[in-house]
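Welcome, and please open the model in your viewer. Have the selection box ready, and we will walk from stop to stop together.

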Amino acid sequence: MTRMMLTVQPSRGLVDEKLQVVVKNLPPRQEVTLHSLHQSESNDFWEAFGHYVSDGKGTVTVAEDASVGGSYQGTEPMGLLWSMKPVPGSRTGLRLRKEDVRTPMVVQISVYRGHISRGFRETPSLACAVAERWYMAPGVRRVDVEEKGVRGTLLLPPGPGPFPGVLDMWGGGGGLVEYRSALLASHGYVSMVLEYMTPKIMEKFTLKGHHYFETAFAILRDYPQVCSDRVAILGLSFGTTVALTMAVCSPLIEPRCVVCVSGSHQLPVEEPLSDVLMWINKDKVRFDEEKRLITRYLLLPIPSDPSKKVEVGKIRCPLLLIVGEDDQSWPVSEMAEDMEKMMKEAGNSHLLTTLSYPGAGHLIEPPYTPHFCSTTFVSAKTREKVIMLWGGETKEHSYAQEHSWQRTLAFLQQHLYSRGDKSNRSNL
């Protein structure tokens, strides 16, 4: 009898590459369960599983066959990754984020006889395979930045360059979150993730007049491997407000384009960062039936006072907005509509591209990573810990992550690379 075989390809690849999972040499019409398992750097376990039935030749091809049950259903080539959840009994409020981009995310994929939904550790598997998922392609380099009071991390593509640059800014949780920049470097961009949510920075400077961001932009722009006239800014959540303010208000910052994910133009740019965050947290806080914090109403209704908004009508470069329509953190749909209105009135709406996704929440990240409807959140300002409701439905959110990442890469290539000059792109 021919031995059953499980293959997972590529066994080593970037996190935005699709996996090909195939089981062969099963009995025809055999019920099996495919299960994925990942141990995070914080030693929490995450899993997903799908129920399949082999075809007449005894084969299951995940990219072509439908899961009839499990953590996802239907034909979902990457369901074993994007539908991952913490295993039963895990701590509440977990969020899976890569901390050390120099090591891979290791995913074990196993096949079990029959359709099972629990007890995977206690049940012998028929076969196992391991896939390494990398944010850093071979040759990508990581460089710490401690210069002129600025703290960040540079991720550089292999090769001499020069390459376009991306200044990468995350949101209110603070810290240096490097995995998105590492993935951008793997696609041919020098990406610098910037830390700015620290008490010293937030208490001293405003968004509008803060030289910290101008200094950071200059460090990236003037780096020897960067094309100085081809630098973009990418922001998520509060980082979007910073990105828009830099693009509009600073005479020293001239980005080639800006990407804003789940963000806002509606914050008082004249106040210190610390006061801005305190202003956000003053009123209109709501909780759902599970006592998860909902903050989208804090910024509603959209004010008409221009001093409380970034003047996006003055933006001079292409702008990509990525919007999750079920965002429970910020009212991003309403703000995107207001930004479009402001830009139409100013005559620069031709620079605006908006991608709006039904069923997507706030945390729109690189593709095939799990959806987090709610997680523990620690404020960079107060260090207060809460369970934050981010919103989104798992399948719809997963689609948004995959589609918006593809469009983001296409947007950056269109505006940062001239036709035919994109080279040195790394692949595993």
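The tour below goes through strands, loops, rings and cysteines.

**Before you start**

You are looking at a predicted model, in which local features need pLDDT of at least 70 and side-chain atom pairs count only at pLDDT 80 or more, while totals for chains, interfaces and linings use all residues. Residues are numbered from 1 along each chain as its sequence is written, and side-chain values use heavy atoms, with hydrogens and water left out.

**Stop 1: strands E1, E3 and E6**

Select residues 5–9 and 20–24 to bring up strands E1 and E3, which pair in the antiparallel sense over five bridges. Strands here are DSSP runs of E with at least two residues, numbered from the N terminus, and two of them pair if DSSP finds at least two bridges between them. Now click on Gln 9: its bridge partner in E3 is Gln 20.

Next, add residues 60–61, which make up strand E6 and are joined to E3 by two bridges in an antiparallel arrangement. Pick out Val 22 here, and you will find Thr 61 of E6 opposite.

**Stop 2: two cis peptide bonds**

Go back to Gln 9 and step on to Pro 10. The bond between Gln 9 and Pro 10 is a cis peptide, with omega about -5°. Pro 10 has its place in the loop between E1 and strand E2 (12–14).

Then jump to Gly 161 and Pro 162, where the peptide bond is also cis, with omega near 0°. Look for Pro 162 in the loop between strand E11 (150–156) and strand E12 (163–169).

**Stop 3: the loop between E3 and E4**

Select Asn 25, which is found in the loop between E3 and strand E4 (31–39). Its phi is near 65°, a positive value in a residue other than glycine. Asn 25 is partly exposed, with a relative accessible area of 31%; the scale used here calls a residue buried under 20% relative accessible area, exposed over 50% and partly exposed in between (1.4 Å probe, protein chains only).

Arg 29 is found in the loop between E3 and E4 too. Phi of Arg 29 is near 60°, again positive in a residue that is not glycine. With a relative accessible area of 60%, Arg 29 is exposed.

**Stop 4: a six-stranded sheet**

Switch to a cartoon view for the open sheet of six strands, whose order is E2-E9-E8-E4-E5-E7 with mixed pairing. Its edge strands are E2 and strand E7 (85–86), each of which pairs on one side only.

Inside that order, select E4 together with strand E8 (residues 105–113): seven bridges pair them in the antiparallel sense. Thr 33 stands opposite Tyr 112 in E8. Keep Tyr 112 selected for the next stop.

**Stop 5: aromatic rings**

The structure holds 12 aromatic pairs. Rings of Phe, Tyr and Trp (its six-membered ring) pair if their centres lie within 6.5 Å; planes under 30 degrees apart count as stacked, over 60 as edge-to-face and the rest as tilted.

How do the rings of Tyr 112 and Phe 120 meet? Their centres are 5.4 Å apart and their planes stand at 65°, so this pair is edge-to-face. Tyr 112 is buried, at 5% relative accessible area, and Phe 120 is buried at 7%.

Move on to Tyr 212 and Phe 213, whose ring centres lie 5.8 Å apart with planes at 90°, so they too form an edge-to-face pair. Tyr 212 counts as buried at 5% relative accessibility, and Phe 213 is buried with 1%. Add Tyr 196 and Phe 238 to the selection, and you have one aromatic cluster made up of Tyr 196, Tyr 212, Phe 213 and Phe 238.

**Stop 6: arginines over rings**

A charge sits over a ring if NZ of Lys or CZ of Arg is within 6 Å of the ring centre and within 35 degrees of the ring normal. Select Arg 180 and Trp 170: the arginine lies over the face of the tryptophan, 4.1 Å from the ring centre. Then select Arg 286, which lies over the face of Tyr 297 at 3.7 Å from the ring centre.

**Stop 7: cysteines**

How many disulfides (pairs of cysteine sulfur atoms within 2.5 Å) are there? The count comes to zero. Select Cys 317, for example: the nearest cysteine sulfur, that of Cys 257, is 6.7 Å away. Cys 317 counts as buried at 5% relative accessibility, whereas Cys 373, our last selection, is partly exposed with a relative accessible area of 26%.

Terms used:
A disulfide is a pair of cysteine sulfur atoms within 2.5 Å. Helices (H or I, at least four residues) and strands (E, at least two) are DSSP runs, numbered from the N terminus.
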